[in-house]
Amino acid sequence: MTTQKYLYLVNYFVPQYQSEYGGLIAAIAESEEECFNIITQWDNDTWTEYYPKLRENIIKAEKFSLSDDEETRIVEAFVT
């Protein structure tokens, strides 16, 4: 049995002078919590002080239902 998964398009924030303000992460996950977990794992807990903002951005993210069974993962990350 397959579990419904979604493609999340998440605005990723990084503070000024560390990057050009962040970017966009495309992630496949079953839930907002799983999306948060895979992004923070990808981030290696580098920007923990901005994780509350990341949670907000995941809630606000565009979310698309997937018809195929896809592996939970970061599909693409564009971070400046």
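Start with the empty space: the structure holds 1 cavity of 30 Å³ or more. Keep in mind that this is a predicted model.

**Stop 1: the cavity**

Rolling a probe the size of a water molecule over the atoms shows where empty space is left. Here the largest cavity has a volume of about 50 Å³. Select N11, Y12, F13, W47, Y50, Y51, K53, L54 and N57, the residues that line the largest cavity. Colour them by class: 6 are nonpolar, 2 polar and 1 charged.

Next, colour by element. Which elements each supply at least two residues of the lining? They are β1, residues 6-12, and α2, residues 51-60. The largest share of the lining comes from α2, with 4 residues.

**Stop 2: the sheet**

Hide the side chains and show the strands. You have an open sheet of 4 strands, in the order β3-β1-β2-β4. The pairing is antiparallel. Why is one side of β3 and of β4 left without a neighbour in the sheet? Select residues 62-65 for β3 and 73-79 for β4. Both strands stand at the edges, each with a single partner strand, so one side of each has no neighbour in the sheet. Now look along the sheet: from one strand to the next, the twist averages 15°.

**Stop 3: the β1-β2 pair**

Move to the middle of the strand order, where β1 sits beside β2. Select residues 23-29 to pick out β2. How many bridges join β1 and β2? The two strands pair in the antiparallel sense over 7 bridges. For one of these contacts, select Y8 and A27: A27, in β2, is the bridge partner of Y8.

**Stop 4: the helix across the sheet**

Bring back α2, which supplied 4 residues to the cavity lining. Which strands does α2 lie across? They are β1 and β3. Draw the axes of α2 and β1: α2 runs at about 135° to β1. Strand β1 thus links two stops, as a contributor to the cavity lining and as a strand under α2's path across the sheet.

**Stop 5: the loop before α2**

Select residues 32-43 for α1, then go on to the loop between α1 and α2, where N44 is placed. D45 lies in the loop between α1 and α2 as well. Check the backbone torsions. Phi of N44 is near 55°, a positive value in a residue other than glycine. D45 also has a positive phi, about 55°, although it is not a glycine.

Finish on the surface of N44. Is N44 buried or exposed? Its relative accessibility is 63%, so N44 counts as exposed, the cut-off being over 50%.

Note on methods
Residues are numbered from 1 along each chain as its sequence is written. This is a predicted model: local features need pLDDT of at least 70, side-chain atom pairs count only at pLDDT 80 or more; totals for chains, interfaces and linings use all residues. Side-chain values use heavy atoms; hydrogens and water are left out. On a 1 Å grid over the protein atoms alone, a cavity is a set of points where a 1.4 Å probe fits but cannot get out, and a pocket is an open set with protein on both sides within 12 Å along at least five of seven lines; lining residues have an atom within 4 Å of a point. Grid points are joined across faces, edges and corners, and a volume is the space filled by probe spheres set on the points. Ala, Val, Leu, Ile, Met, Phe, Trp, Tyr, Cys and Pro count as nonpolar, Asp, Glu, Lys and Arg as charged, and the others, Gly among them, as polar. Two strands pair if DSSP finds at least two bridges between them. Axes are lines fitted to C-alpha atoms, for helices over the stretch in contact, and angles run from 0 to 180 degrees between N-to-C directions. Contact means heavy atoms within 4.5 Å. Buried means under 20% relative accessible area, exposed over 50%, partly exposed in between (1.4 Å probe, protein chains only).
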